[in-house]
Amino acid sequence: MSMVEFAAPAARDIETITAEILDLKQTAGSAILAIGQRLIEAKEMLSDGEWLPWLEEQVEFSPRTAQRFMKLSREWTDATALSYLGATKALTLLALPPAEREEFLAEEHVVSGEVKSVTDMSARELEKAVKERDAALRQAEADRAEKDAAEQARHKMETDLTFANKRLAGLRNELAELRSRPVDVAVE
């Protein structure tokens, strides 16, 4: 028996490793979108009874994983952004309307007292930032509704006051007219 000897890997610098990781991340983002597209295509080809067995036996994906990849493929078009975010954060961002997603990605957010970009956040921090954004939007909507209700109440009060002032002026005129008439006194 002879022992197989393996050569020690050549020394590599951190810049090379970093570049390789970034290339692989880019490939991973594109791959997720491509897999999602193919899953959509396969699901359309297979009957309901064939889909799950094919998914689990042939591709070895859980239904949940397949749904996530298909959802990303349907709603996420930027493979580069997906590669930097990762599937979990990209899925979290799908909670935002598409028109607001790019803006949210471009902004910095305060998370646990720190200012961070979306790419610098953990998945949990991103989820928290999205929830806080949603809560702020709901509060702003509630504030707007309260302001509108107060404005309507103020307008109604002004209308009522104008009506009351007109009515009061009419009653004063009536009273003045009554006071100016001579009083008939019956004498016995």
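Begin by selecting K116, which touches E108, H109, M121 and E125 when residues up to four places away in sequence are left out; contact here means heavy atoms within 4.5 Å. The model is a predicted one, in which local features need pLDDT of at least 70 and side-chain atom pairs count only at pLDDT 80 or more, while totals for chains, interfaces and linings use all residues. Residues are numbered from 1 along each chain as its sequence is written, and side-chain values use heavy atoms, with hydrogens and water left out.

**The surroundings of K116**

K116 belongs to strand β2, residues 114-117. Helices (H or I, at least four residues) and strands (E, at least two) are DSSP runs, numbered from the N terminus. Is K116 buried or exposed? K116 counts as buried because its relative accessibility is 15%; buried means under 20% relative accessible area, exposed over 50%, and partly exposed in between (1.4 Å probe, protein chains only). Display the side chains of K116 and E125 together to find a polar contact of 2.8 Å between them. Such a contact is a pair of N or O atoms within 3.5 Å; within protein, one must be able to donate a hydrogen and the other to accept it, and residues adjacent in sequence count only if both atoms are side-chain atoms.

**The hairpin**

Next, select β1 (residues 108-111) along with β2. The two strands run antiparallel and are joined by four bridges; two strands pair if DSSP finds at least two bridges between them. V110 has V115 as its bridge partner in β2, and E108 stands opposite S117. The side chains of β1 alternate: H109 and V111 point to one face and are buried, whereas E108 and V110 point to the other and are not. Two residues lie between the strands of this hairpin, where S112 takes a positive phi near 50°.

**Helix α1 and the core**

Now select helix α1, residues 14-45. Its 32 residues should span 46 Å at 1.5 Å a residue, and the end C-alpha atoms are indeed 46 Å apart; the expected span is 1.5 Å times one less than the number of residues. Colour G29, I32, L33, G36, L39, I40 and A42, which are buried in α1. The buried residues of this helix pack against α2 (48-59), α3 (63-75), α4 (79-85) and α5 (87-93).

From L39, extend the selection to the largest nonpolar core, which has 30 residues; L39, L72, W76, L93, F104 and V118 have the most contacts inside it. A nonpolar core is a set of buried Ala, Val, Leu, Ile, Met, Phe, Trp, Tyr and Cys residues joined through side-chain atoms within 4.5 Å. The largest share of this core, five residues, comes from α1. Centre the view on L93: beyond its neighbours within four places in sequence, L93 is in contact with W76, L85, R101, F104, L105, V118, L126 and V130.

**Salt bridges**

How many salt bridges does a search of the whole structure find? The search finds eleven, each being a side-chain nitrogen of Lys or Arg within 4 Å of a carboxyl oxygen of Asp or Glu. Select K131 and E127, whose closest N and O atoms are 3.5 Å apart. Both lie in helix α7, four residues apart, about one turn of the helix. K131 counts as exposed at 52% relative accessibility, while E127 counts as partly exposed at 40%. Finish with D160 and K156, which meet in a salt bridge of 2.9 Å, N to O.
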